[in-house]
Amino acid sequence: MGLRTMTEPAFLVLTALVDEPRHGYGIVQEVEKLSSGRVDLKIGTLYGVLDRLAADELVALDREEAQQGRLRRYYRLTESGARALEAEAARLAGNVENARRRLRARHVGGMA
């Protein structure tokens, strides 16, 4: 993904694919669960995110299955995707720690 900042939808889509390949609707459901209902990923947004992640080789098509006359495409996380997700999780954790440290300092009078 290079130097681009990972968007929250991209982060959540990659996270949704960590444990198993999923089809589009399965990803939407998993993202909703991961975000405790806060992120309602629309189908158009999902496929835009998947296209960008596939172009960056962070996800790949795993397989296609016919379900009730409709083709379902399952996507999986690639090794590059797992590394990008780990790096983004570390970056976000660093941001959280910095915010918490500053808030603690503010509460004890270190910053006002």
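A residue is called buried when its relative accessible area is under 20%, exposed when over 50%, and partly exposed in between. Glu-88, at 8% relative accessibility, is therefore buried. This report describes a predicted model, beginning with its charged pairs and then turning to its core and strands.

## Salt bridges

Side chains of opposite charge can pair when their charged atoms come close. In this model, the count of salt bridges comes to 12. Three of these pairs are set out below, with the distance between nitrogen and oxygen and the accessibility of each partner.

| Acidic residue | Basic residue | N to O distance |
|---|---|---|
| Glu-30 (14%, buried) | Arg-22 (11%, buried) | 3.7 Å |
| Glu-64 (40%, partly exposed) | Arg-73 (43%, partly exposed) | 2.7 Å |
| Glu-88 (8%, buried) | Arg-91 (38%, partly exposed) | 2.7 Å |

How far apart in helix H4 are Glu-88 and Arg-91? The two residues are three positions apart in H4, which spans residues 79-107, and this separation is about one turn of the helix. Glu-88 is buried at 8% relative accessibility, whereas Arg-91 is partly exposed at 38%.

The pair formed by Glu-30 and Arg-22 has two buried partners: the relative accessible area of Glu-30 is 14%, and that of Arg-22 is 11%. Both residues also belong to a network of salt bridges that links Asp-19, Glu-20, Arg-22, Glu-30 and Lys-33. In the pair of Glu-64 and Arg-73, by contrast, Glu-64 is partly exposed, and Arg-73 is partly exposed as well.

## Helix H1 and the nonpolar core

Helix H1 covers residues 8-16. Its N-terminal end is capped by Thr-7, from which a side-chain oxygen lies 3.2 Å from the backbone nitrogen of Ala-10. Which residues of H1 are buried? They are Ala-10, Phe-11, Leu-12, Val-13, Leu-14 and Ala-16. The elements that cover these buried residues include helix H2 (24-34), helix H3 (43-55) and H4, together with strands S1 (22-23), S2 (59-67) and S3 (70-77).

In soluble globular proteins, nonpolar side chains tend to be buried together. Here, the largest nonpolar core contains 23 residues, and those with the most contacts inside it are Val-13, Leu-14, Ile-27, Val-31 and Leu-53. Two or more residues of this core are given by each of H1, H2, H3, S3 and H4. H1 provides the largest share, with six residues.

Val-13 illustrates how such contacts are arranged. When residues up to four places away in sequence are not counted, Val-13 touches Ile-27, Val-31, Leu-41, Leu-46, Val-49, Leu-50 and Leu-53.

## The strands

Strand S3 pairs with two other strands. With S2, the pairing is antiparallel and runs over eight bridges; with S1, the pairing is also antiparallel, over two bridges. Individual partners can be located in the structure: His-23 stands opposite Tyr-74 of S3, and Ala-66 has Leu-71 of S3 as its bridge partner.

What lies between the strands in the hairpin of S2 and S3? Two residues separate the strands, and in this hairpin Gln-68 takes a positive phi near 50°.

Key. Residues numbered from 1 in each chain as written. Predicted model: local features only at pLDDT ≥ 70, side-chain atom pairs only at ≥ 80, totals over all residues. Heavy atoms only, no water. Salt bridge = Lys/Arg side-chain N within 4 Å of Asp/Glu carboxyl O. Buried < 20%, exposed > 50% of the residue type's maximum accessible area, 1.4 Å probe, protein only. Helix = DSSP H or I, 4+ residues; strand = E, 2+ residues; numbered from the N terminus. Contact = heavy atoms within 4.5 Å. Polar contact = N/O pair within 3.5 Å; in protein donor to acceptor, adjacent residues only side chain to side chain. Core = buried A, V, L, I, M, F, W, Y, C linked by side-chain atoms within 4.5 Å. Pairing = 2+ DSSP bridges.
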